[in-house]
Amino acid sequence: MDTKMRRMSPLEDETGLVDMDEGDAKGRKRKLQMNFGALCVIWLFTFTAYSGLQNLETALYQDVGLYTLAALTGGGVIACLLAPTAISYIGSKGALIVSWICLSFFVAANFFGFIGSGFKYLLVVAGGVEGLSTGLMWTAQGSITTTIAMEYHEIIGEPMEKTLSTLFGIFCMFFQSTQVWGNLISSLVLQQTSQITKHESNFTFCGADFCPSDVLALRGGKHGNGTGGPSSLPEPRLINILTGIYLGSTAVGLLITIAFLKPVKSSMSDSGVTLKVRLLSTVRLLFTNLNMFMLVPFSLYTGMEQVVMYAEFTNSFVACKLGIEWIGYTMICFGVCDTVGSLLVGFIGKFTGRPPLFIIATILNLGVLGIMRFWSFKEEVPFYLFFVIPGVWGLADGIWQTQSGALVGSAFTEDQEPAFANLRLFQALGFTVGYLYNVHLCEYIKLYIAAGTLVVSMVFVAIVEIRIRLKNKPDERII
């Protein structure tokens with residue numbers, strides 16, 4: 001009786017497995033697990049390099065590093081619109097191969113970061129190329145994971161949503177852990193510059209008082225209130241060793257993609273949707289749907305808040321006061337808490353809903369921004385704060401990154417593709433804007449900008465949440 005009432009696949013029998021002999025079912029299930037496992041391991045190797053370099057670019061190359069990161073995220077603005085059409089031609093596996101080749105170019109460009117100004121700007125070009133590939137890699141990852149989930153849930157007789165949630169959760173755990181491994185590698189290599197001890201500079205302009213004009217002092221020049229400190233650049237030899245390790249890690253990911261990742265059929269290849277139609281649907285939703293328009297500040301903030309940690313905290317606080325070799329260790333706290341936070345939020349959100357989580361994340365972010373703004377470096381600096389701040393920020397980031405997708409999914413049940421395209425587009429734009437004004441503004445101004453954007457975005461998010469509930473209210477009465 002129960003098996004008849006449950007909606008089953010045409011090939012599925014009452015045991016919950018697809019109606020094929022037991023050996024075939026188990027074999028197919030194992031192949032799907034292997035393919036998904038390969039995807040997770042690929043991300044582990046490639047994004048270990050990506051995450052490690054992302055956190056070091058501004059400390060190593062200052063304005064060129066910021067322009068490089070801006071080019072990287074700016075390329076993502078374009079890529080998120082073009083990726084579905086590109087993947088319909090080259091497939092998801094082909095898209096990943098192209099992406100890792102572009103990432104290898106970006107990593108290798110760091111070999112030339114210290115060789116004259118002309119070679120430095122090769123980093124900006126490489127960042128732009130890598131940025132264009134980010135849309136490919138993330139769209140391909142979503143397509144592969146969803147395709148595997150669609151077949152896997154039929155084999156095991158589990159609801160599609162549960163299977164998809166489980167697979168994305170496992171993938172997220174691998175992805176977020178790359179912050180730990182990438183930063184651990186950078187710290188172990190760069191600590192050879194000096195003893196890895198509590199070696200603080202006597203600069204008083206670190207933290208909120210840090211301005212772009214203070215860069216000369218960080219590099220050992222005559223400026224500011226100090227006479228050089230632990231944030232002096234490491235030897236080029238160590239940078240080359242680190243770049244070589246990251247390049248090798250990316251190469252391993254590329255080889256695993258070629259040798260072990262099995263091609264999957266992308267649903268986008270059958271859609272017949274042209275690039276023009278995709279672009280028009282994305283733009284039309286932005287200007288015709290009030291909810292989408294009001295979520296623009298929130299989408300921008302989900303990009304800008306990551307810049308606070310990747311570029312501002314690492315440079316104005318950690319590198320300035322403790323030294324570049326400490327960036328990796330402090331950002332490990334960010335990666336661990338982000339990973340744990342993402343897993344916890346997915347579970348807690350089932351019981352609390354989104355609004356309480358948004359309130360918690362807002363309080364955490366505003367609290368950290370307040371500490372960063374009024375943390376005085378003229379007195380003895382509490383050493384533990386260099387680890388507590390990225391840890392707390394990581395917990396909040398876990399909420400922003402998981403619940404932003406949930407909010408868009410709930411608000412746009414009938415226009416999910418253009419809605420998510422807008423979310424990623426403005427998130428990438430938030431990254432780009434954050435990196436660009438980083439070059440020109442003092443830290444305390446950037447902290448005020450982040451806090452103001454957060455408050456404004458939360459006001460609009462609250463309005464959208466209310467509109468969603470009012471829209472669903474008639475349905476609840478009928479039920």
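Of the 479 residues in this chain, buried residues make up 51%. I should say at once that the model is predicted, and what follows is computed from that model. The chain exposes about 21000 Å², and carbon and sulfur atoms supply 67% of that area.

Turning to secondary structure, the chain has 15 helices and zero strands. As for how the chain is connected, consider contacts between residues at least 6 apart in sequence: 84% of them join residues at least 24 apart.

Let me move to the interior. The largest nonpolar core has 120 residues. Which residues have the most contacts inside it? They are W43, L96, W100, L295, F386, W400 and Y435. Helix α2, spanning residues 22–109, gives the most to this core, with 31 residues.

F386 merits a closer look. Leaving aside neighbours within four places in sequence, F386 is in contact with F313, F317, V318, K321, L322, T330, W375, F377 and V381.

I now come to the surface. In soluble globular proteins, nonpolar side chains tend to be buried together. Here, however, V336, V340, L344, F347, I348 and F351 make a nonpolar surface patch of about 580 Å².

Within that patch, please find F347, which lies in helix α11, residues 327–352. Is F347 buried or exposed? F347 counts as exposed because its relative accessibility is 51%, and the cut-off for exposed is over 50%.

To close, I would ask you to view two phenylalanines in the structure: F386, among the residues with the most contacts inside the largest nonpolar core, and F347, one of the residues that make the nonpolar surface patch.

Terms used: Residues are numbered from 1 along each chain as its sequence is written. This is a predicted model: local features need pLDDT of at least 70, side-chain atom pairs count only at pLDDT 80 or more; totals for chains, interfaces and linings use all residues. Side-chain values use heavy atoms; hydrogens and water are left out. Patches are made of residues with over 30% relative accessible area and no salt bridge: like charges are joined within 9 Å, nonpolar side chains (Val, Leu, Ile, Met, Phe, Trp, Tyr) within 5 Å. Accessible areas come from the Shrake-Rupley method with a 1.4 Å probe; for residues, only the protein chains shown count as cover. A salt bridge is a side-chain nitrogen of Lys or Arg within 4 Å of a carboxyl oxygen of Asp or Glu. Helices (H or I, at least four residues) and strands (E, at least two) are DSSP runs, numbered from the N terminus. Buried means under 20% relative accessible area, exposed over 50%, partly exposed in between (1.4 Å probe, protein chains only). Contact means heavy atoms within 4.5 Å. A nonpolar core is a set of buried Ala, Val, Leu, Ile, Met, Phe, Trp, Tyr and Cys residues joined through side-chain atoms within 4.5 Å.
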